[in-house]
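This report is meant for a reader meeting the protein for the initial time, and it moves from the whole chain to one sheet and then to one helix.

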Amino acid sequence: MSETRRPPESMVATKEKNSKRMVEVAPEFVKVAGVQIERNPEAGPRVPAVERFITFSEDEFSLNILQIIAKSATLDQPLLLEGEAAVGKSYTIEYLAHLCNKEVYRMSLNGQTDTSDLIGKWVPRTETVRKNIESLIKNPDLCKNDEARKLIETKTRIKRVAKKEIAPEQEGAATGLTQEDLETVAALEGIEVPEGDWVWQDGDIPKQMKNGAWSVLDEVNTCEPQILVRLNAVLEKAGQLVLSEDGSKVVTRHKDFRLFATVNPPGGRYKGRIPLSAELISRWNYQNVGDLPKEVRAQRLMAADGVPLVGIKSDRINTVKNEEIPVEKTLADYYGIEWVRDLYTKYAEFADKVREMLRNGQIAKDQTQTFDFDQRDDWRFRE
């Protein structure tokens, strides 16, 4: 009979020893290669369980990703991780959430994902009515009334793009169906809805924004681009979400809410992945983690069968010295006006050169995504 492997009594302590304290866990914080992130005192129901990380390897590759995630979470920057399949993009986010006692929600996106999944929708309480309405929204071609079909397609946009009634660049954001829209569809289709039967149902993003969870959107380059446009406002600093379908109500985010996304490289062996626009990428802290090095692949298999990890070389991990400047202070208070003037003058020259090289195809030409370098990157540099 095979023996069931159980997590060690102090998994965190073991990990710290293996990685020479690259990851430190204290009651109030977790520190990853110098990057400190707040830790909740207690674990909620959606905090990933320790059992999921029995084989997690704090090797050089995963520590670099872990530090990237910790930086983004600390600076409150939405993080987009691109990399080959199964290198541990979402898994590493969940591991850090486990260490920090943060609740996590993961959603796998695909070509059938629509705004109602992410944002929310109006639904009838009556089950038979709800099923009839949802069936028409998912497949407008089932509508008996042409006006009802066009209304659904206009608001969801997906069908109109697929049928080439509008060009992709004209599609804009999918605004979703308001209660009034749905009442019109029901009337045109002869579906009788009891008075007061409509209720608003939050999608995944509003729910997680309100309760301060970490939200992970997997495979965001497999869904229709106009769906992602709805997240633009959320991706801004301390961003909010406007529910245009629900009377333009505003969802204010909890201070602990963090948004992450993952993608496989578009094209090649990953079918159905489309390149993201430069404008969308610029809203994220985009990081390409690549593929798993063969040495790390071998180490992970060895570690799973009892071979101790090779010590992490400190020069391969850019350990941060966490010196936080109080909000009432500026760099000029610490280093002087001339030093700060010199720093940002040189940065502006660098940023201008980067934009020129991008336009001329001198850099990033081997990438499957398209890139820009704009003012959002300026503020990321300052942070």
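Angles between elements are taken between N-to-C directions and run from 0 to 180 degrees, with axes given by lines fitted to C-alpha atoms, for helices over the stretch in contact. The model described here is a predicted one.

The protein chain holds 15 helices and 12 strands, and of its 383 residues 43% are buried. Among contacts in the protein chain with a separation of 6 or more, 76% join residues 24 or more positions apart. The accessible surface of the protein chain amounts to about 21,100 Å², and carbon and sulfur atoms account for 50% of that surface.

One open sheet is built from three strands in the order β1-β2-β3, with antiparallel pairing. Because β1 (23–25) and β3 (35–38) each have a single partner strand, they stand at the edges, and one side of each is left without a neighbour in the sheet. On average, neighbouring strands of this sheet are turned by 15° against each other, direction ignored. Strand β2, made of residues 29–32, pairs with β3 in the antiparallel sense over four bridges, and V32 has V35 of β3 as its bridge partner.

Two helices meet this sheet, as the table sets out.

| Helix | Strands met | Angle |
|---|---|---|
| α2 (residues 60–75) | β1, β2 and β3 | about 55° to β3 |
| α3 (residues 89–100) | β1, β2 and β3 | about 140° with β2 |

Helix α3 includes C100, which counts as buried because its relative accessibility is 0%, where the cut-off for buried is under 20%. Leaving aside residues up to four places away in sequence, C100 touches V30, I37, E38, R39 and N40. Although C100 and E28 are 72 residues apart along the chain, their C-alpha atoms are separated by 8.7 Å.

A further helix, α5 (residues 127–138), has 12 residues that should span 16 Å at 1.5 Å a residue, and this agrees with its end C-alpha atoms, which are 16 Å apart. Which residues of α5 are buried? The buried residues are V129, I133 and L136, and they lie on the same side of α5 because they cover an arc of only 60° around the axis. On the other side of α5, by contrast, T128, K131 and K138 are exposed. The cover over the buried residues of α5 includes the strands β6 (120–124) and β7 (198–202), together with the helices α6 (146–156) and α8 (179–189).

Notes
Residues are numbered from 1 along each chain as its sequence is written. This is a predicted model: local features need pLDDT of at least 70, side-chain atom pairs count only at pLDDT 80 or more; totals for chains, interfaces and linings use all residues. Side-chain values use heavy atoms; hydrogens and water are left out. Helices (H or I, at least four residues) and strands (E, at least two) are DSSP runs, numbered from the N terminus. Buried means under 20% relative accessible area, exposed over 50%, partly exposed in between (1.4 Å probe, protein chains only). Contact means heavy atoms within 4.5 Å. Accessible areas come from the Shrake-Rupley method with a 1.4 Å probe; for residues, only the protein chains shown count as cover. Two strands pair if DSSP finds at least two bridges between them. The expected span of a helix is 1.5 Å times one less than its number of residues. The arc is that of the directions from the helix axis to the C-beta atoms.
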